[in-house]
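Q: I would like a close look at a single part of this protein. Please take one residue and follow its surroundings outward.

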Amino acid sequence: MPRLAPLIDTHCHVDLYPDPHRLADLIEAERTYCVAVTNAPSVFPAMEAIAGNKRHLRVAIGLHPELAVERQHELPLLLQYLPRTRYVGEVGLDYSDGKPQADRAVQRRIFEAIIEACDDAGNKILTIHSRRAEADVLDAIGKGFRGQFILHWYSGSLKNLERGIELGAFFSINVAMARSRRFDSILKRIPRDRILTESDGPFVRIRNEPVWPSSVAQTLAYISSVWGRPIDEVRATVFENFWRLLAGSHDDSQHPR
Ligand code: MN
């Protein structure tokens, strides 16, 4: 039997679990490649310390759109920390529950500034939130963005999905998405070489318990059923996609080995 490909979790809020140190140890022991996203620049150094020099854990610098108004003063801090990591997230836009236009304007200002800084830097990997704001997220990224980006928990229209694919987006799938039959039609439209997996723990829960990075195995089972392909093949495809995501840049200093 060939060895199974490692599991991939491109979006996990490691710092928001009750015991992040224990989770970081588990990630390393299970050899799941994991991107630990952060929701505010001020918590980035603490997450960096938790990750230490673990091989399988990378820390992303982020400013969550739902915190944009409250934490807008931390944008300079994000720009200051940006050279310390290749990964950026959780960032993006959220237009759900009728957020006031003024809030949306703040979100856009911050997201556009982050995109611009990442474009200047040229080798970043972004994990992006786009709920009800898919068109504006894609407008902000635009053509010729000098980096790679993942649309995390994509739930928009098929039209914007096509646009995202044209712009080079990857898509990370979690078990909560797999529960919605509506998502089947989205998944079928995404090219197989753009699919990644994420936990989005601890927000995503299974039987009232937060998922953790290796829970992405359940997402692989879902993709396997939609694609009609063996789960080990799907697992290998997601790993190859992750590898290609990393190779999409000129800087390979943070590639997993
Ligand atoms: Mn998230």
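Is Thr 38 buried or exposed, and what is its relative accessible area?

A: The model is a predicted one. In it, Thr 38 has a relative accessible area of 0%. Because buried means under 20%, Thr 38 counts as buried.

Thr 38 sits in a loop, with strand 2 (33-36) before the loop and helix 2 (44-51) after it. Its side chain makes a polar contact with the backbone of Ala 60, reaching the oxygen at 2.7 Å. When neighbours within four places in sequence are set aside, the residues in contact with Thr 38 include Asp 15, Val 43, Phe 44 and Met 47. Val 59, Ala 60, Ile 61, Gly 62 and Leu 63 are also among them, as are Gly 89 and Glu 90. Val 175 is 137 residues from Thr 38 along the chain, and the C-alpha atoms of the two are separated by 20 Å.

Glu 90, one of the contacts of Thr 38, leads to the metal site. Glu 90 donates through OE to the manganese ion, together with His 11 (NE2), His 13 (NE2) and Asp 200 (OD). These protein donors lie 2.3 to 2.4 Å from the ion. Along the chain, the donors follow the spacing H-x1-H-x76-E-x109-D. His 11 belongs to strand 1 (residues 8-12), whereas Asp 200 is in the loop between strand 8 (195-197) and strand 9 (205-206), so this pair ties together parts that are 189 residues apart in sequence. Both ends of that pair are buried: His 11 has a relative accessibility of 0%, and Asp 200 has 5%.

Strand 1, which holds His 11, and strand 2, which comes before the loop of Thr 38, belong to one sheet. This sheet is open and has 3 strands in the order 1-2-3, with parallel pairing. Strand 1 and strand 3 (57-59) are the edge strands, each pairing on one side only. From one strand to the next, the twist averages 15°. Strand 1 and strand 2 run parallel and are joined by 3 bridges. Ile 8 has Tyr 33 of strand 2 as its bridge partner. Helix 10 (residues 231-247) packs on the sheet, where it touches strand 1 and strand 2. The direction of helix 10 makes about 65° with that of strand 1.

Notes. Residues numbered from 1 in each chain as written. Predicted model: local features only at pLDDT ≥ 70, side-chain atom pairs only at ≥ 80, totals over all residues. Heavy atoms only, no water. Donors = N, O, S within 2.8 Å, 3.2 Å for Na, K, Ca; no water. Helix = DSSP H or I, 4+ residues; strand = E, 2+ residues; numbered from the N terminus. Buried < 20%, exposed > 50% of the residue type's maximum accessible area, 1.4 Å probe, protein only. Contact = heavy atoms within 4.5 Å. Polar contact = N/O pair within 3.5 Å; in protein donor to acceptor, adjacent residues only side chain to side chain. Pairing = 2+ DSSP bridges. Axes fitted to C-alpha atoms, helices over the stretch in contact; angles between N-to-C directions.
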